[in-house]
Structure formats: structure tokens, C-alpha cells
Amino acid sequence: MPTESSAFSADEGNLLAATQATIREALFRLGYSADMYELLKEPLRFLTVRIPVRMDDGGIRVFTGYRAQHNDAVGPTKGGVRFHPSVTADEVKALSIWMSLKCGIAELPYGGGKGGIVCDPRRMSAGELERLSRGYVRAISQIVGPTKDIPAPDVMTNAQIMAWMMDEYSRIREFDAPNFITGKPLVLGGSHGREWATARGVTIALELALAKKGIPLEESRVVIQGFGNAGSYLAKFLHDRGARVIGISDVYGALYDPGGLDVDDLLERRDSFGTVTKQFRNTITNAELLEKDCDILIPAAIENQITRENAPRIRAKVLVEAANGPTTAEATRILTERGVMIVPDVLASAGGVIVSYFEWVQNNQGYYWTEKEVEDRLRERMIRSFERVYEIHQERKVDMRLAAYMAGVRRMAEAARYRGWV
Ligand code: NAD
């Protein structure tokens, strides 16, 4: 089906500019005024903090952190905290906008938020990480809270870090506040299923996309970039469903076997940062992996992996974005023109925030659900979200990314309009 593509005025690779261009296009097609774009193009609130941390060698290091709150017209903002050496202000802003879109697509009562700290947790001790996590919460405590802005895990943050952050916030406020943050360990009010939620959501989105294309999941050849929280659970779920996982990767390289990799063995060997390839000799590069012949390609690592440069050589029939922002706008256009079905990040990876929402609801009620209840409710929401986006894609004849943006931005814009902001 011929489709029109989203706007491409942004420099390739500039995540914030590309997101803004697509938001503008989505709002325009929905009939909103330029004023609405002015409101939604940037976060309403953006805080930069400097966090002094006593290191194990006795010295002090001052880390830079960010918290972005994109829009709270629908409800409190929500989104993960990323620990990574290359975190930037613009990246955090773009990620907070994507969170707004995800919440809009999944009809969650939130706006988008995001946080990040410029650091490398792989080079820090547990004590240093704890002091940094607590320092970050003290630095942002005035603008976050269970009815203001609710953090969660993201790249290189995990349930332990969420536990330290929740404890710090509870101490500051002098009451126990499990609903301050999601992705906690089960004993501290975490939800069943949060750990695998993103991967389960991606799997559901993939099943729905394959059904539209008439491709069976069983025996499909899958390549997954990234073997962390999202990528490793995905490899497991797809392997269990009978798909053939022929390639995986981490930051150091990639493993590829057209006959199928031993997924269970790789899961056993991976470390907590999602690295595994260093234990093997016959590795290829991430760039080579992305271009291998496969049916399904799932970027589940970092941004800007599929660009105008390599998009013409991507051989997958379906591209499902588990990572945030792995495909540039130019690459989206090239792939869409070539008939590759793209399930965009703001739809495909919404499972994480959906189950984070379930965790927050359970914390607020003090009543906890079974794993099956979580899974059933996640499935129901992912199906509704996918079908809504697909319908816009078909009816408006726009690519799946623009369709997802149109679905995502609409609730936010309506809420802002009813509140009288625009
Ligand atoms: P993670 O830190 O657990 O794993 C990241 C993986 O990517 C690791 O295997 C790492 O080695 C690999 N990687 C890092 N840099 C790379 C590079 N330059 N090239 C190739 N591989 C590289 O992170 P995660 O939580 O699995 O998140 C992965 C992606 O999914 C991110 O874009 C994140 O924003 C997105 N996401 C995660 C969640 C979640 O709940 N964890 C939810 C939604 C979206």
C-alpha cells in the first residue's frame, strides 16, 4: 500500500529535532493549530542537577543529571532514568516526549518524563552507585513524587537502583512511598512481570504485525541487536515460541548463526549489563549483523542504528523497534518505500510503561495482582494500542511511525485543550 511518510526536515540522527518534526506533522494532520505544537515541542519542565558523590578512593566526583517532564495535561509524568556515559540534555528531552507518546498510545493516565545521569555504572562499585542514586533523588525530589512524576528503570538501571531511590524518597518525605517509582523488587511493592514487560509487549506487537503480513512466527528467522533487559527476554520469548534466533549482539560485537543460536546457553552466560559476546571468538560487528538476511529485525540496544546509509541494505521483512529511536526518519522513509513493515518504538516498547502503570496502581491500592493478571491486562492493552495505530496507518495512508505519533499525541492535545492551555 503506498503511504505518505512523516516529515524529514530534521538533520538525520538529531533525535529531538526528528521527534519535533514528526509531532508537528501529526498535529497538523489531526487539525491542531501551530500553538499546540509550540506547547508540545519541548518539555514543560527540565531540570539539570549536579550530584556530588564520595567515591571509594575517598575523593569526590560531581555527576551531571537531568530530569525532563514533557507534559502533565493528562496526569503525572512518568519515565525511566538512564545511567550512561553519553546521556545528553537533548536525548533526555526526546525520550520524555516519546514517553508522552507511549502513554497516549496505551491510554495511560500519564504524560511523559525521563531522567538520565552521565556516568558509567560498569566502572562504579555498588556503594558508589547507591550514593549516586540517592544523590539524584535528593537533587530532583522537589519536582518528583507519586502524583507529580514517577521514575522507572531504563538503560543500565535496575530493580536495586529503584529500591535505593524509593528508600531515599521515603526518608525525605518521612513516609513509605512505594508509588514514587516503578520497577522495584517484588518485596518492595514491585509488580510481577515488570522485568519482562517490555520484551513481552514487543513480542505481542510482533505477533500482530506478522499476522497483518501473513508471516508465521514459527520458524521465522530473527535478529536481535542488544542482549540486555529487552533483548535477552525477547530472545527467550521468541525462541520459546518456535522462532529461530539467528543473531544477537551487545556493545562489543555480534553472534550470528543462520542455523539458529543456542539461546538458553547465551542467557546463562550473559552478565547483568547484557554482555555475552566477549566469550566467543567468531563474532561479527553490530553493523554487519543488522544487514544479515532475516525475516524479523529487532533493534533492542540504542538510538540511530538504522540510518539512510544502511537502510537500503536491511533485508528484514518486519522491523520491530524495542529500543527507543533506533531508526532515523530518513531510514523510516527508505524502509517504508521498500515495503518493510515498521512497528515503531513508541508502540512496540510500550509494554514497559504499561506494566509500570500496573505497578503504580497496585501500590496505590495496596492490593497485588498475579503474574497471569498482569500478563492478560498487558496483552489486552498492547492489542488495543496496535490496532488503533494500524487503523490510522491504513485509513490515513501514513507510515506506521506517523500513525503512532498521531495516536499518541491526540490525548495529550485534547487534555491540554480542555484545560484551556491552548
Ligand atoms: P540494557 O542496558 O539492559 O541493555 C542494553 C544492551 O544493548 C546491552 O546488551 C548492551 O551491551 C547493548 N549495547 C549498548 N550499546 C550498544 C551499542 N553501541 N551497540 C550495540 N549494542 C549496544 O538496556 P535495556 O533496558 O534492554 O534497553 C535497551 C533499549 O530498549 C533502550 O533503547 C531502552 O530505552 C529501550 N527500552 C527499555 C525498556 C525497559 O523496560 N528496559 C522499556 C522501553 C524501551
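This passage describes the ligand site, a buried loop residue and a surface patch in a predicted model.

The ligand is surrounded by 26 residues. Thr-198, Phe-227, Ala-230, Gly-274 and Asn-324 are the closest. By class, the shell comprises 11 nonpolar, 10 polar and five charged residues. Polar atoms of the protein approach oxygen atoms of the ligand at several residues, including Ala-230, Val-251 and Asn-324. At Ala-230, a polar backbone atom lies 2.8 Å from a ligand oxygen. Val-251 also uses its backbone: an N or O atom there is 2.9 Å from an oxygen atom of the ligand. Asn-324 instead places a polar side-chain atom 2.7 Å from a ligand oxygen. On its own, the ligand has 830 Å² of accessible area, and the protein covers 89% of this.

Thr-182 sits in the loop that runs between helix H5 (159-173) and helix H6 (197-213). Its relative accessible area is 0%, so Thr-182 is classed as buried. The side chain of Thr-182 makes a polar contact of 2.7 Å with the side chain of Ser-356.

A nonpolar patch lies on the surface. Leu-44, Trp-421 and Val-422 form this patch. Together, these residues have about 250 Å² of accessible area. Val-422 belongs to the segment that follows helix H14 (400-418). Val-422 counts as partly exposed because its relative accessibility is 36%, and this class lies between the cut-offs of 20% for buried and 50% for exposed.

Conventions. Residues numbered from 1 in each chain as written. Predicted model: local features only at pLDDT ≥ 70, side-chain atom pairs only at ≥ 80, totals over all residues. Heavy atoms only, no water. Patch = residues over 30% accessible without salt bridge, like charges linked within 9 Å, V, L, I, M, F, W, Y side chains within 5 Å. Areas by Shrake-Rupley, 256 points an atom, 1.4 Å probe, with all protein chains shown as cover. Salt bridge = Lys/Arg side-chain N within 4 Å of Asp/Glu carboxyl O. Helix = DSSP H or I, 4+ residues; strand = E, 2+ residues; numbered from the N terminus. Buried < 20%, exposed > 50% of the residue type's maximum accessible area, 1.4 Å probe, protein only. Near = heavy atom within 4 Å. Polar contact = N/O pair within 3.5 Å; in protein donor to acceptor, adjacent residues only side chain to side chain. Nonpolar A, V, L, I, M, F, W, Y, C, P; charged D, E, K, R; others polar.
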